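Hi,

Here is the structure I promised to pass on. Have a look at it first, and then read my notes below.

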Amino acid sequence: MSRAEVGREAVEPVETGAVGAAKTAGVDGAVSQSGAGAAGGAGVSGAAVGVLWTLGLFRSELLVTLRRWRTIALLGVLAAVPVLIGIAVRIETGGDGGSAGGGGEAGPAFISQVTNNGLFLVFAALAATLPVFLPMAVGVVAGDAVAGESAAGTLRYLLVAPAGRTRLLLAKFTTALVFCLLATLVVAASALVVGAVLFPLGDVTTISGTRISFGEGLVRAGAVALVVALSLAGVAALGIFVSTLTGSGIAAMATTVGLVITVQILGSIPQLDAIHPYLFPNYWLSFSDLLRDPVHWTEIRKNLGLQALYAAVFGSAAWARFTTKDISA
């Protein structure tokens, strides 16, 4: 699908929706009423058009992102990681229900419990993909958001439509956040299917040593996936900001991924432990506290607060840059 076709898709739903909203609100009848009533109807109609424009633009950006072969390939790689982990654990244990990974001392977190309960493959896969695969995938999508349009020569076309730079940037950032959730769910869903096929399912033993039902374990797995997705908000905001600084999509993607790797290297150096609490990956693995009984929320709150701070800082920087940038392509 071309960007022109997508642009028309963004316009057409708005026009149809605006007419429907106007009829529902009785704007047609307001034409024959007083001038004040007509003005009020116009105000309602204008607000409805604004909301519909925003939703149409977001829908357009989301469809364009999800239909790219690059995005499909990234999701395919993410879905393959749990498959590889599950097969490796199955081969190592021979399916005898023994522990893998030396009692949890080696391999991703939770991997020693996978053979006893396939649901733990969800947690092991998320723990394995969160440090590298997930942030790299998000960095590629977010880094290409604005710079890719500029490199393709479609950014000026997008701004010709009455969308506005702020609304366009908001749509792109929201699309990046949706991709964070989608990528995380792809990993979790793939791990759940593979875990159910290769290993038994049943009651879940928490980190605290208590047992919860399989249904409650599924609920906690969903909560873990949500926390992991929100943990990537800082990377998404960083990628959007970098994307506004250059007109090359490849350069923006490479820079974003490079910054993510650099920050993680800094977080692994003991001599720099004073700055570790301020690095966005520092609390990424705090999702494991959701598997305690009762749940420990302290580290999770710190993680979500830090991601919100990064999103606010780099989101504001991206807005300041994009709204003052001279668009030449």
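A quick definition before we start: helices (H or I, at least four residues) and strands (E, at least two) are DSSP runs, numbered from the N terminus. With that in hand, S288 can be placed in the loop between α11 and α12. S288 is buried, with a relative accessible area of 17%, because anything under 20% counts as buried. If you set aside its neighbours within four places in sequence, S288 is in contact with F110 and I207.

Please keep in mind that this is a predicted model.

**The overall picture**

The chain has 12 helices and 2 strands. Going from the N terminus, the elements run α-α-α-α-α-α-α-α-β-β-α-α-α-α. Of the 329 residues in the chain, 43% are buried. Among contacts with a separation of 6 or more, 75% are between residues 24 or more positions apart.

How confident is the predictor? The pLDDT averages 81 over the chain, and 78% of the residues score at least 70. Two stretches deserve some care. Over residues 4-39 the pLDDT stays under 50, and the model has 30 contacts beyond four places in sequence for them. The pLDDT is also below 50 over residues 99-107, a stretch with 14 contacts in the model beyond near neighbours in sequence.

**Helix α5, on the inside**

Why can we call α5 (residues 120-129) largely enclosed by the rest of the structure? Because 9 of its 10 residues are buried. The buried ones are F120, L121, V122, F123, A124, A125, L126, A127 and T129. They pack against α4 (69-93), α6, α8 (165-198), β1 (204-205) and α9 (214-231).

**Aromatic pairs**

The count of aromatic pairs comes to 5. In one of them, the rings of F120 and F123 have their centres 5.6 Å apart and their planes at 80°, so this pair is edge-to-face. F120 and F123 are 3 residues apart in helix α5, so about one helical turn separates them. As a general point, an α-helix has 3.6 residues a turn, so residues three or four places apart point the same way. Both F120 and F123 are buried.

Now compare that with Y310 and F314, an aromatic pair that is stacked, at 5.9 Å centre to centre with 20° between the planes. Y310 and F314 both lie in helix α12, 4 residues apart, which is about one turn of the helix. Y310 counts as buried, at 15% relative accessibility.

Which residues do ring pairs link into a cluster? They are F241, F280, W284, Y310 and F314.

**F241 and A317**

One member of that cluster, F241, lies in helix α10. Not counting residues up to four places away in sequence, F241 touches F314, A317 and A318. F241 and A147 are 94 residues apart along the chain, and their C-alpha atoms are separated by 10.0 Å.

A317 itself sits in helix α12. Is A317 buried or partly exposed? At 26% relative accessibility, it counts as partly exposed. The C-alpha atoms of A317 and V242 are separated by 9.6 Å, with their positions 75 residues apart along the chain.

**How α6 meets α10**

In general, two packed helices are described by the angle between their axes and the distance between the axes. Here, the axes of helix α6 (residues 133-152) and helix α10 (residues 233-243) come within 7 Å and cross at roughly 30°. The crossing of α6 past α10 is right-handed. On the α6 side, the contact is made by P135, V138, G139, A142, G143, D144, A145, V146 and A147, and on the α10 side by V235, A236, G239, I240 and S243. What kinds of residues are these? The contact of α6 with α10 divides into 9 nonpolar, 4 polar and 1 charged.

**One last thing to look up**

Try finding P294, in the loop between α11 (249-267) and α12 (298-324). The peptide bond that joins D293 and P294 is cis, with an omega of about 5°.

Happy exploring!

Notes: Residues are numbered from 1 along each chain as its sequence is written. This is a predicted model: local features need pLDDT of at least 70, side-chain atom pairs count only at pLDDT 80 or more; totals for chains, interfaces and linings use all residues. Side-chain values use heavy atoms; hydrogens and water are left out. Axes are lines fitted to C-alpha atoms, for helices over the stretch in contact, and angles run from 0 to 180 degrees between N-to-C directions. A crossing is left-handed if the near helix is turned anticlockwise from the far one by less than a right angle, and right-handed if clockwise. Contact means heavy atoms within 4.5 Å. Ala, Val, Leu, Ile, Met, Phe, Trp, Tyr, Cys and Pro count as nonpolar, Asp, Glu, Lys and Arg as charged, and the others, Gly among them, as polar. Buried means under 20% relative accessible area, exposed over 50%, partly exposed in between (1.4 Å probe, protein chains only). pLDDT is the predictor's confidence in each residue, from 0 to 100. Rings of Phe, Tyr and Trp (its six-membered ring) pair if their centres lie within 6.5 Å; planes under 30 degrees apart count as stacked, over 60 as edge-to-face and the rest as tilted.
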